[in-house]
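User: Hello! I am new to this structure and would love a close look at one part of it, followed by a walk through what lies around it. Here it is.

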Amino acid sequence: MDTIPSIPKRISAIQFGLISPREVRKMSVTNIITADTYDDDGYPIDMGLMDLRLGVIDPGLKCKTCGSRAGECPGHFGHIELVAPVVHVGFNKTIRKTLRSICRNCSALLLEPPQKKDFVAQISKLQEMGHLPDPVINEVFKEARKTKVCPYCGAEQLEIKFEKPTEYIEDGHKLTPTEIRDRFENISDDDVKVLGMDPASARPEWMILTVLPVPPVTVRPSITLESGQRSEDDLTHKLVDIIRINQRFQENRDAGAPQLIIEDLWELLQYHVTTFFDNEVSGVPPARHRSGRPLKTLTQRLKGKEGRFRGSLSGKRVNFSARTVVSPDPNLSINEVGVPEAIAIQMTIPERVIDRNTELLRMYILRGSDVHPGANYVIRPDGRRIKITENNKEELAEKVEKGWVVERQLMDGDTVLFNRQPSLHKMSIMAHQVKVLPNKTFRLNPAVCPPYNADFDGDEMNMHVLQTEESRAEASILMQVQENILSPRFGGPIIGGIHDHISGMFLLTRNENRITKNEALELLRKAEIRELPEPSGYDDNGEPYWNGKQIFSQILPEGLNAEFPAEVCFKCETCKKEDCEYNAYVVIRNGEMVKGTIDEKAIGAFKGIILDKVVKKYGTEAGAKFVDDFTRLAIRGVMKTGLSFGISDEDIPETAKKNIKEVLDKAENEVKDLIAAYEAKELEPLPGRTLDETIEMKIMQTLGKARDQAGNIAGNQLGLENSAVIMAKSGARGSMLNLTQMAACVGQQAVRGERIRRGYAGRTLPHFDKGDLGADAHGFVKSSYKSGLSPTEYFFHAIGGREGLVDTAVRTSQSGYLQRRLVNALQDLEVQYDGTVRETRGVIVQFKYGEDGIDSTKSDYSKPDNVHKIVEAVTGRKVN
Amino acid sequence: MALIESTIDSMLGNLDLPLNILQTLKEDVIKAGVNKKELEEIIEKVKESYEYAKVEPCEAVGVVSAQSIGEPGTQMTMRTFHYAGVAEINVTLGLPRLIEIVDARKEPSTPTMTIAVLEEYAQDRDKARKLAWEIEATHIDQLADVTTDALNMQLIIDLHEKTLMYRNITVDEIIEKLTDKLDIQVRLSENIDNQLIVKLKEPSYRDLLQMRKNIDTITLKGIEGIKRVVIRKDGNEYMLYTEGSQLKKVLEVEGVDISRTYTNNIGEIYDVFGIEAARNAIIKEATSTLGEQGLTVDIRHIMLVSDIMCCDGEVKQIGRHGISGEKASVFARAAFEVTVNHLLDAGMRGDVDELNGVTENIIVGQPIKLGTGDVHLIAK
């Protein structure tokens, strides 16, 4: 307790380099000479690939190098002395370029001294600025290659051909790795620098291997199968191959075997070392496992999405997380999340025992790990973690004192992170307050669905329990839901009413309705409203009544002013504003709703103007309270009236049906006329279009118009009392188009924006004549969903529907990659204290963020509205 | 007593506020006619409100911008083409277009130009039409019927006189262009009007057929690469819309209003007008692509993306061959794409990773230097 945990050390930099043979031997704990792994007793063989000095993986054994047991020992490298040097595949390109730019006789870089100096200067300048020196180095290679006679020793240079995978041919004679290495060894340090290498950490000859480091066993653990048989790692298999060939090579050379055999073995050794590094080199047959599966060697381990870099280092697995299905609970605050008790019992928060909480924590320990607000573990000051069980809980409760840490169970009010994948923006992970609830799903207020893009058709979400005080503080200040009501994407609310919230508010505020005292109190019950306003009137019995606008005004903060056209606005030519006869112009004065209808434009996610104003003017806490209040009010409001939708809601009278049929028949006749004109070659092509394109466009137009007309006829029959119309007009769900498709006519099915043309030769289906251009032969669906589709229509509809599905599938992968690239390119940018935006190197990307230094969440949709407001407030005169 | 404009100017002159705020402030103040005390109060309040709205230092604006542009990508349509009205030009839209922009492709898949014309052409449809013919690439098949006369080893070109007149092109011009571009003999037919006979220098059946193909590719008039020009009345003036883009050449055509002519080919804008213009073009194109889909994205995010693409003086791609491939950190590059090559190269050069960025620090397992991670407390 007395020792303050020290500030963790920071790694300040990591140096890369090539490993020299000397270094390989130095760090090696043993030379590996036997290809065998275990002896008959299953004990690792000395100087074999599983040598105990390389580290241990079997429980019970001790590492011979560091003395630790399995799990603690990090593993140690060994080495294999290669009989003859081989090329490292990864450096083929550089080896080739280097060979071509140095003298074959004296190994000098084939450039004049002033040129060299110039290039070195260029390279160091680039490196100083933090840029990659690649372009200059390529220039060096290009220039050096042009020199045909060495300016230093006068030797003539020969053309060096490279043959895949690892052969270098100089003038018809194959260069052995030994020869290449010899040449590289003679390059002077100064020349190495011109080649862009740092001679201290990477000499060119180190690209040719003479000693092979053997990775520790911890890197290539063998697994014991159920049958007791050992199955070795792919890398071990590869190393076995290398050692075998290496031995054979040695024996043959010692025995003075013919040159041909030596060369063959050399090549074989090269092959095995090549595939040890990379098993997917083009031109090299991949080394395979006995089962025929290609081996996963070093490169394959690092590469790709599941590779070491992207899979294990950039993305990590965590503890203290939970995942289950989500379901809605409108009675929770937007800041809360309902956590099932079964999860709360498992998840813990470490709490340090201090004077003030000893009793409380002792109580948790006494409750044990099975009863909800209990504790699961205690950590003694010496770091030992003890599980609390029925047997030891009393004893532990007794012992616990200052300095211990108790891992207590998750409780109401704890801060947790809540997340739904795909995490496309920062609002995909937000901090919530825990509310432990019965049953087995996470519960959340439906108003927070938009940022997570969640629905309740089986979506699962993840919860992460924060373990430190700092993280909890940071999360509750920066990540809490209320802090994220406004999206930085467009500076408006992303959390807000959806579906029933909107239809509920719409129904409540739309008309001059009468709400009795009981009803009013019921509606406002959860909003902590203590007093009702003056009633708007008294009925015949002298009972007071209120209207919906008054009720809604109760949850508005005091002093709020707003004026805007509602979603139901008819967009008349001249807006009558306050005197709108459709009640579609919302006026709020001093926190009192005077006129209009509350719908998506007022409180909806993405659009809600009132919500936006409340958050920006009164702060996030008031914003959160407003969302909580109006969601509850809306749900009660919609329950008061009731809102249901069934198939009978699409019923339209016979006359309307007849009208629709007439419209469609007329359109079909028009199409026939068009086709006749087209066939008689009387049709005038539109400018810049062929005749075929013209007729298609005209037909599409005619049919589109007909569908709209049919829709209008149906729409007129379905008044504002129809619940589907209520939902569509208020912006709660669906559109009028959906409705007309159900009631009147589905319309043209399209593939790639054109009528359906694919299918059989000359026709879409055998039901039609070849060359028929008519409406029904190319996917026009006359029926409505209600009346049902004919077989051909059904088929065309399926074609159109499939395109939509394919579209979604393609889009998700494409936009996912776009997102990854954008994030990767921009992630290091940060606003500095001087207001500039810079990246890691300190390069200025913007002198002032967004040219004005304003945070998008704090601006009024990028318009200087605040200036107007201030001027108005100070002078009392209207300026805008 | 309202202040006069010059006093207002002097009072607002040295405020540290963005230009658009200053301008609105000035307009409003003049409109409202304020006195000195009021103006002082207004300035105080505006300054306060601006201070509040400023981004906080250490904010990870890059990630926010990247997410703000990437997230709506999932909601965009894949529908590549779109006809803006009848007989209009096809343009790539939606996600494919956005990808094209951040990829910094040299040539977009559907290059188009919007050409504004000078006053005298803008009001007169015929004059605009004439200008359009100057710009649109004219090929032989638009002017004539070409038949292959295998018997006499020649091509017979029957020119439509009316079209020639209409398109303002003479027979001599055609002959000149054809002889110039192809190594052939072209002469006017003696007995039939407006007929051209094309003969090879060395008769060969294969060459004749090849010639038939080649002759179609020759641009007789207009600018090569501009496949189609459509005239449309925009407001009260005629504008030209083209399929295909050749900014440099179009700007040289007489009658084109250089200051209002636009292309959606960002590469061309960069070549002709330079990096600042290209930066603005990226912002404009990205904003309109997103806006067309009904998605609102704050312009600051698009600016940041555009700025990082252009901050080195050339338009760089967002991705492996651009920004991500040129990062200072080895780990950041390795974690993005082509992992192994970056590691090998780093080893060879003896690079040092300073661990300043996000990915690098995640990889080695330490807190990142952004946001709250960039604040240091020094214990005394």
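Which residue stands opposite A:Ala562 in β23(A)?

Analyst: Happy to help! One thing to keep in mind from the start is that this is a predicted model. In β23(A), the residue that stands opposite A:Ala562 is A:Ile588.

Let us look at the strands around that pair. β22(A) is joined to strand β23 (residues 585-589) of chain A by 4 bridges, and the two pair in the antiparallel sense. They belong to an open sheet of 3 strands, with the order β22-β23-β24 in chain A and antiparallel pairing. The edges are taken by β22 (562-565) and β24 (592-595) of chain A; each has a single partner strand, so one side of each is left without a neighbour in the sheet. On average, neighbouring strands of this sheet are turned by 20° against each other, direction ignored.

Chain A offers another sheet to set beside this one. Here, too, the sheet is open and has 3 strands, in the order β3-β4-β5 of chain A, and the pairing is antiparallel. At its edges stand β3 (160-163) and β5 (173-175) of chain A, each with a single partner strand, so each has one side without a neighbour in the sheet. The twist from one strand to the next averages 35°. β3(A) runs antiparallel to strand β4 (residues 167-170) of chain A, and 4 bridges join them. In this pairing A:Glu163 has A:Glu167 of β4(A) opposite.

A further strand pair shows how a strand can sit inside the structure. Strand β2 (residues 78-87) of chain A has 7 of its 10 residues buried, so β2(A) is largely enclosed by the rest of the structure. Its link to strand β6 (residues 208-214) of chain A consists of 6 bridges, and the two strands run antiparallel. A:Val87 has A:Ile208 in β6(A) as its bridge partner.

Now for the helices of chain A. In helix α24 (residues 736-743) of chain A, the buried residues include A:Leu739, A:Thr740, A:Gln741, A:Met742 and A:Ala743. What do the buried residues of α24(A) pack against? Their neighbours are α22 (691-717), α23 (723-730) and β25 (747-748) of chain A.

Elsewhere in the chain, helix α2 (residues 92-101) of chain A packs on helix α4 (residues 134-146) of chain A at an angle of about 40°, with 8 Å between their axes. That angle makes α2(A) oblique to α4(A), and their crossing is left-handed. From α2(A), the residues A:Lys97, A:Arg100 and A:Ser101 meet A:Val140, A:Phe141, A:Ala144 and A:Arg145 of α4(A). Sorted by class, this contact has 3 nonpolar, 1 polar and 3 charged residues.

From here we can step across to chain B. The two chains meet through 93 residues of chain B, which are in contact with 90 residues of chain A. On the chain B side, helix α4 (residues 61-73) of chain B gives the most, with 12 residues. The residues of that side divide into 52 nonpolar, 22 polar and 19 charged.

Strands take part in linking the chains: strand β1 (residues 14-15) of chain A and strand β9 (residues 352-353) of chain B run antiparallel, joined by 2 bridges. There, A:Ile14 stands opposite B:Asp353 in β9(B).

Helices from the two chains pack as well. Helix α26 (residues 865-875) of chain A and helix α2 (residues 19-32) of chain B lie with their axes 9 Å apart, at an angle of about 30°. α26(A) and α2(B) are therefore roughly parallel to each other, and α26(A) passes α2(B) in a right-handed crossing. From chain A, the residues A:Val867, A:His868, A:Val871 and A:Thr875 meet B:Ile21, B:Thr24, B:Leu25, B:Asp28, B:Val29 and B:Ala32 of α2(B). This contact has 6 nonpolar, 3 polar and 1 charged residues.

Let us end with one residue of chain B. B:Leu17 lies in the loop between α1 (5-13) and α2 of chain B. Is B:Leu17 buried or partly exposed? With 18 other C-beta atoms within 10 Å, B:Leu17 is partly exposed. Apart from its neighbours within four places in sequence, B:Leu17 is in contact with B:Leu22, B:Val46 and B:Tyr50. B:Leu17 and B:Lys47 are 30 residues apart in sequence, with 7.6 Å between them in space, C-alpha to C-alpha.

Methods. Residues are numbered from 1 along each chain as its sequence is written. Chains are lettered from A and ligands numbered from 1 in the order in which they are written. This is a predicted model: local features need pLDDT of at least 70, side-chain atom pairs count only at pLDDT 80 or more; totals for chains, interfaces and linings use all residues. Axes are lines fitted to C-alpha atoms, for helices over the stretch in contact, and angles run from 0 to 180 degrees between N-to-C directions. Angles under 35 degrees count as roughly parallel, over 145 as roughly antiparallel, 65 to 115 as roughly perpendicular and the rest as oblique. A crossing is left-handed if the near helix is turned anticlockwise from the far one by less than a right angle, and right-handed if clockwise. Two residues are in contact if their C-beta atoms, placed from the backbone, lie within 7 Å. Ala, Val, Leu, Ile, Met, Phe, Trp, Tyr, Cys and Pro count as nonpolar, Asp, Glu, Lys and Arg as charged, and the others, Gly among them, as polar. Two strands pair if DSSP finds at least two bridges between them. A residue is buried if 20 or more other C-beta atoms lie within 10 Å of its own, exposed if 12 or fewer, and partly exposed in between; C-beta atoms are placed from the backbone.
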